[in-house]
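Dear colleague,

Please find below the structure that I am handing over to you, with its sequence. My notes on what was found in it follow directly after.

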Amino acid sequence: MGRQYRPAGTPGFPAATGAAGRGWPTVRRHRIDGPDGRTAPPARRFWQAVRMSQLYLAQEPAADEMLAADPFALLLGMLLDQQIPLEKAFIGPYRLAERLAVTRLDPAAIADHDADDLARIFATPIAIHRFPGSMAERSRKLARAVVDDYDGDAAAIWTGAADGADLLRRLGALPGFGKQKAQIFTALLGKQFGVRPAGWREAAGVYGEEGSLRSVADIVDAASLVKVREYKKQMKAAAKASGPAR
């Protein structure tokens with residue numbers, strides 16, 4: 001699948017504007033077109049205005065470019081980040097798009113996709129996840145929630161949030177998102193996408209702390225990836241050591 005995502009600042013994707021430091025640019029006066037040439041929905045226009053031009057989550061340029069451009073792909077990558085290396089999780093949406101022969105993941109299409117066939121797609125080598133069947137079904141449920149609750153526009157989950165607490169509540173209500181995953185995603189949006197409603201750091205908990213190296217929200221290059229991975233190993237070791245006595 002060729003690169004079809006344009007970095008922020010190129011035609012159709014203007015750089016973020018608005019009050020400095022708040023991360024909530026004003027985009028009403030801009031007409032921002034989607035990759036198919038049609039005017040994108042309001043929430044997606046907002047997302048395209050504030051998104052980063054480069055990420056380092058999948059550690060694969062084309063996959064990271066997709067994550068930066070496609071809100072549902074980013075959300076799906078966060079869902080898949082469970083019991084597998086985080087790079088494998090965040091490259092998953094790109095591989096899924098390749099196998100579906102699309103350049104943008106459509107939540108409605110995934111929600112309506114035959115369950116057995118989607119599980120087969122997830123299991124095709126290289127498998128998208130260690131547990132392809134269960135994660136394919138979770139992906140369908142996530143897509144269905146985006147369709148039913150946000151009219152198919154994943155970005156509306158955060159662009160419509162009243163404040164950080166509301167954002168955390170919205171994310172935590174999604175299938176496959178517990179409190180910790182919702183906090184990490186809140187931190188990722190705030191730190192790397194400029195989505196910063198009032199109280200977002202507090203809502204994100206320790207993951208929202210400035211200068212922390214605890215999660216995907218803090219990965220901005222190869223060096224920070226190593227540090228985040230080391231932190232996770234330490235946490236797993238600590239949890240194992242403090243396990244219930246027998």
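Two rings of Phe, Tyr or Trp, the last taken by its six-membered ring, are counted as an aromatic pair if their centres lie within 6.5 Å. Planes under 30 degrees apart make the pair stacked, those over 60 degrees make it edge-to-face, and the rest are tilted. Please bear in mind that this is a predicted model.

Aromatic pairs

By that criterion, a search of the whole structure finds two aromatic pairs. In one of them, Trp158 and Phe185 lie 5.5 Å apart, centre to centre, with 55 degrees between the planes, and the pair is tilted. Trp158 belongs to helix 8 (residues 156–159) and Phe185 to helix 10, so this pair ties together parts that are 27 residues apart in sequence. In the pair of Phe177 and Phe185, the centres are 6.2 Å apart and the planes stand at 90 degrees, an edge-to-face arrangement. Through these ring pairs, Trp158, Phe177 and Phe185 are linked into a cluster.

Are the members of this cluster buried or exposed? Trp158 has a relative accessibility of 0% and counts as buried. Phe185 is likewise buried, at 0%, and Phe177 is buried at 4%.

The nonpolar core and helix 3

Phe185 also appears in the largest nonpolar core, which has 65 residues. Together with Phe72, Leu74 and Leu75, Phe185 touches the most other members of that core. The largest share of the core, eight residues, is supplied by helix 3 (residues 71–80).

Why is helix 3 described as largely enclosed by the rest of the structure? The reason is that 10 of the 10 residues of helix 3 are buried, where buried means under 20% relative accessible area. These buried residues are Pro71, Phe72, Ala73, Leu74, Leu75, Leu76, Gly77, Met78, Leu79 and Leu80. At the start of helix 3, the backbone nitrogen of Phe72 has a side-chain oxygen of Asp70 within 3.1 Å.

Leu80 of helix 3 is also one partner in a contact across the sequence: Arg138 and Leu80 are 58 residues apart in sequence, and their C-alpha atoms are 9.0 Å apart in space. Arg138 lies in helix 7 (residues 132–150) and is partly exposed, with a relative accessible area of 33%.

The largest pocket

The largest pocket holds about 640 Å³ of space. It is lined by 21 residues, of which Asp81, Gln83, Gln180, Lys232 and Lys236 are the closest to its centre. By type, the lining divides into nine nonpolar, four polar and eight charged residues. Helix 4 (86–100), helix 10 (179–193) and helix 12 (222–241) each contribute at least two residues to this lining. Which helix gives the most to the lining? That is helix 12, with six residues.

Gln83 deserves a separate entry. This residue lies in the loop between helix 3 and helix 4 and is exposed, with a relative accessible area of 52%. The phi of Gln83 is near 65 degrees, a positive value in a residue other than glycine.

Backbone geometry

Most residues other than glycine have a negative phi, and most peptide bonds are trans. Besides Gln83, a positive phi is found at Asp151, where the angle is near 55 degrees. Asp151 is placed in the loop between helix 7 and helix 8 and counts as exposed at 74% relative accessibility. A cis peptide bond, with omega about -5 degrees, joins Pro125 and Ile126. Ile126 is found in the loop between helix 6 (115–123) and helix 7.

Further loop residues

Two other loop positions complete these notes. Ser212 is located in the loop between helix 11 and helix 12 and is buried, with a relative accessible area of 8%. The side chain of Ser212 makes a polar contact of 2.9 Å with that of Lys191. Ala198, in the loop between helix 10 and helix 11 (200–204), is exposed at 63% relative accessibility. Ala198 and Ala161 are separated by 37 residues in sequence and by 9.9 Å in space, C-alpha to C-alpha.

With kind regards

Technical notes: Residues are numbered from 1 along each chain as its sequence is written. This is a predicted model: local features need pLDDT of at least 70, side-chain atom pairs count only at pLDDT 80 or more; totals for chains, interfaces and linings use all residues. Side-chain values use heavy atoms; hydrogens and water are left out. On a 1 Å grid over the protein atoms alone, a cavity is a set of points where a 1.4 Å probe fits but cannot get out, and a pocket is an open set with protein on both sides within 12 Å along at least five of seven lines; lining residues have an atom within 4 Å of a point. Grid points are joined across faces, edges and corners, and a volume is the space filled by probe spheres set on the points. Helices (H or I, at least four residues) and strands (E, at least two) are DSSP runs, numbered from the N terminus. Ala, Val, Leu, Ile, Met, Phe, Trp, Tyr, Cys and Pro count as nonpolar, Asp, Glu, Lys and Arg as charged, and the others, Gly among them, as polar. A nonpolar core is a set of buried Ala, Val, Leu, Ile, Met, Phe, Trp, Tyr and Cys residues joined through side-chain atoms within 4.5 Å. Buried means under 20% relative accessible area, exposed over 50%, partly exposed in between (1.4 Å probe, protein chains only). A polar contact is a pair of N or O atoms within 3.5 Å; within protein, one must be able to donate a hydrogen and the other to accept it, and residues adjacent in sequence count only if both atoms are side-chain atoms.
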